[in-house]
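Trainee: I have a structure open and would like to learn how to read its features. Could you take me through it?

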Amino acid sequence: MEALGGAWSWLTDGANWAGEGGVWHRLGEHVWLTAACLALACAVALPIALWLGHLGRGGALAVNLANIGRAVPTFAVLVLLSLGPLGTEGHWPTVIALVLFAVPPLLTNAYVGMRETDRDVVEAARGMGMSGWQLLRQVELPLALPMIATGVRTAAVQLVATATLAALTGGGGLGRIITAGFNTYDTAQVVAGAVLVAVLALTVEAVLAGAQRLSAPTRRRERRRHRERTPPRAPGRAPSGDRHGDDARRSVTIPNDGWGGT
Amino acid sequence: MGGCLEANDWICGEYLRTRSQELVDATAQHVGIVAVSVGIALLVSFPLALLARRRRAVAGAVLGLTTVLYTIPSLAMFALLLPVFGLSASIVVTGLVLYSLTVLVRNVLAGLESVPQEVREAARGMGYGPARLLLTVELPLALPALMAGVRIATVSAVSLTTVGAIVGHGGLGNLIYSGMDSFFKAEVLTASVICVVLAVVADVLLLGAQRLLSPWARARRRTRGTGVGRWKRSAARGVG
């Protein structure tokens with residue numbers, strides 16, 4: 001209780017927010033670092049995952065990479081990189097460690113999302129004469145999007161949390177408030193820093209969850225619109241038992257004019 | 001003679017020889033913290049999962065709360081627990097228990113819910129009481145999901161324990177931390193490698209335990225044969 005009171009007075013003291021080592025500065029560093037690493041990790045992982053998912057290969061790679069990623073301590077990677085030849089290059093050890101850390105969830109989720117697209121839909125699109133690239137872009141990618149978005153969300157929240165560790169090797173970000181408090185035996189500051197990081201992580205989680213939820217209703221509306229335009233069952237196609245109710249979903253991505261037969 | 005210690009090489013046999021006791025102690029502390037944490041988390045997650053299965057409202061609250069805990073960064077978590085425990089290993093153990101709960105409660109719940117209703121009915125019809133049903137029917141069937149959770153929790157705990165170095169109880173993390181301060185490369189690399197090896201060994205051991213605990217799964221896999229993939233079946237249907 002005493003520590004919480006101390007943390008509160010630390011947080012409400014304007015002097016702690018201003019200046020070079022102040023909260024605003026550290027918060028900016030933290031958000032910038034996280035965003036940059038997330039963008040880099042997406043740029044690396046998503047194209048590979050989408051391509052592997054499209055080809056249907058490398059499933060073992062995607063899954064094993066995620067497991068290995070979990071087993072490698074980020075703190076150890078950070079220290080190893082900062083002691084290595086990159087150590088003198090400013091932000092790079094941190095950025096590389098964090099990107100390595102964010103790639104596995106992105107890769108696994110995008111790959112699984114691509115593989116879990118309805119195979120019937122993919123076969124149908126291929127039967128319509130879609131090329132591999134068209135198939136990837138117009139059919140598989142839209143269907144895999146929710147899974148990919150979940151991966152990005154997981155990676156983002158983990159990055160916010162893990163970027164804190166950069167402070168242990170002398171990097172910037174909100175973790176610095178915690179480590180600085182440790183070094184000066186200032187428990188109030190340690191707790192205040194921890195609260196700040198936790199709040200930021202929860203905020204990012206809430207914002208991304210909200211964004212995902214907001215994008216869902218539009219998808220549903222779109223689906224409904226498509227269904228109204230599509231005849232309930234295209235003529236010339238034999239009904240088969242387990243396909244009831246599936247038509248709505250597939251009409252989201254398959255152009256309607258392709259359903260006439262052949 | 002110069003030797004690799006003086007040259008500050010990454011890989012150094014001399015370091016292993018002269019500081020082996022330190023490495024063994026750190027590894028022992030690491031294993032201890034992980035084992036105690038996952039053990040406690042397992043004990044706590046069972047009643048929580050059973051409670052969550054009984055009542056929907058509890059399920060929402062428990063799952064929501066553990067997810068929120070999961071988003072708190074490890075450094076912040078250990079720091080937040082500092083006023084409660086002081087500088088002790090309990091901080092690290094408590095933090096790891098809280099993280100493991102997210103994975104374990106979910107997996108225990110998923111495992112219990114995957115037990116087919118007919119199986120439960122049949123056992124009840126044979127006169128099984130609730131406790132016997134849970135212990136001899138439901139738990140064995142929930143084992144794969146449960147063990148998957150234990151494996152994830154253990155591997156994550158092995159890697160997260162290193163962060164405990166901030167409060168002086170990080171097992172191998174302590175060596176990484178001190179090696180960082182003194183630019184002692186061999187110490188950092190050796191401790192890091194042992195840490196990864198530890199995670200892999202723990203995972204393999206747990207997988208072996210799962211095999212031993214569920215011999216029927218192997219028998220079933222053998223009789224089921226290779227099976228045709230879902231997409232192949234649906235492709236064939238599309239043609240026919």
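Mentor: Gladly! Let us begin with a term: a salt bridge is a side-chain nitrogen of Lys or Arg within 4 Å of a carboxyl oxygen of Asp or Glu. Keep in mind that this is a predicted model.

Trainee: How many salt bridges are there between chain B and chain A?

Mentor: The general idea is that side chains of opposite charge can pair when their charged atoms come close. Between chain B and chain A, the count is zero. Over all chains, the count comes to ten salt bridges.

Trainee: Which residue pairs with A:Arg26 in a salt bridge?

Mentor: The partner of A:Arg26 is A:Glu29, with the closest N and O atoms 3.0 Å apart. Both residues lie in helix α2 of chain A, three residues apart, which is about one turn of the helix. A:Arg26 counts as buried because its relative accessible area is 12%, under the 20% limit. A:Glu29, at 24%, is partly exposed.

Trainee: Where do A:Glu123 and A:Arg126 lie?

Mentor: They are in helix α6 (residues 119-127) of chain A, three residues apart. Their side chains meet in a salt bridge at 3.7 Å, N to O. A:Glu123 is partly exposed at 30% relative accessibility, and A:Arg126 is partly exposed at 43%.

For a case in chain B, look at B:Glu121 and B:Arg124, whose side chains form a salt bridge of 3.5 Å, N to O. Helix α7 (residues 117-125) holds both of them, three residues apart. B:Glu121 has 42% relative accessibility and counts as partly exposed; B:Arg124, at 43%, is also partly exposed. There is a network to find as well: salt bridges link B:Arg53, B:Arg120 and B:Glu138.

Trainee: Back to the interface, then. What area do chain B and chain A bury between them?

Mentor: The size of an interface is often given as the accessible area lost when the parts come together. Here chain B and chain A bury about 3300 Å², with 79% of it on carbon and sulfur atoms. Three residues, B:Thr71, B:Leu75 and B:Met180, supply 17% of the area that chain B buries against chain A, more than any other three residues. In terms of contacts, 41 residues of chain B meet 36 residues of chain A.

Trainee: How many residue pairs are in polar contact across the interface of chain B and chain A?

Mentor: The rule finds zero such pairs with both residues at pLDDT 80 or more. Among the elements that give two or more residues to chain B's side are α5 (74-85), α8 (130-161) and α10 (185-213) of chain B.

Trainee: Is B:Ser45 buried or exposed?

Mentor: To decide, compare the relative accessible area with the cut-off: buried means under 20%. B:Ser45 is buried because its value is 0%. This residue sits in helix α3 (residues 20-54) of chain B and touches B:Leu101, B:Leu104, B:Val105 and B:Val108, leaving aside residues up to four places away in sequence.

Helix α3 of chain B also holds B:Val36, which is partly exposed at 43% relative accessibility. B:Val36 joins B:Ile40, B:Leu43 and B:Val44 in a nonpolar surface patch of about 330 Å².

Trainee: And which residues does A:Thr34 touch?

Mentor: Not counting residues up to four places away in sequence, A:Thr34 touches A:Ala156, A:Leu159, A:Val160 and A:Ala163. A:Thr34 belongs to helix α2 (residues 23-55) of chain A, and its 8% relative accessibility makes it buried. The C-alpha atoms of A:Thr34 and A:Val99 are separated by 9.4 Å, although the two are 65 residues apart along the chain.

Terms used
Residues are numbered from 1 along each chain as its sequence is written. Chains are lettered from A and ligands numbered from 1 in the order in which they are written. This is a predicted model: local features need pLDDT of at least 70, side-chain atom pairs count only at pLDDT 80 or more; totals for chains, interfaces and linings use all residues. Side-chain values use heavy atoms; hydrogens and water are left out. Helices (H or I, at least four residues) and strands (E, at least two) are DSSP runs, numbered from the N terminus. Buried means under 20% relative accessible area, exposed over 50%, partly exposed in between (1.4 Å probe, protein chains only). Contact means heavy atoms within 4.5 Å. Patches are made of residues with over 30% relative accessible area and no salt bridge: like charges are joined within 9 Å, nonpolar side chains (Val, Leu, Ile, Met, Phe, Trp, Tyr) within 5 Å. Accessible areas come from the Shrake-Rupley method with a 1.4 Å probe; for residues, only the protein chains shown count as cover. Buried area is the accessible area (1.4 Å probe) that two parts lose on being put together, summed over both. A polar contact is a pair of N or O atoms within 3.5 Å; within protein, one must be able to donate a hydrogen and the other to accept it, and residues adjacent in sequence count only if both atoms are side-chain atoms.
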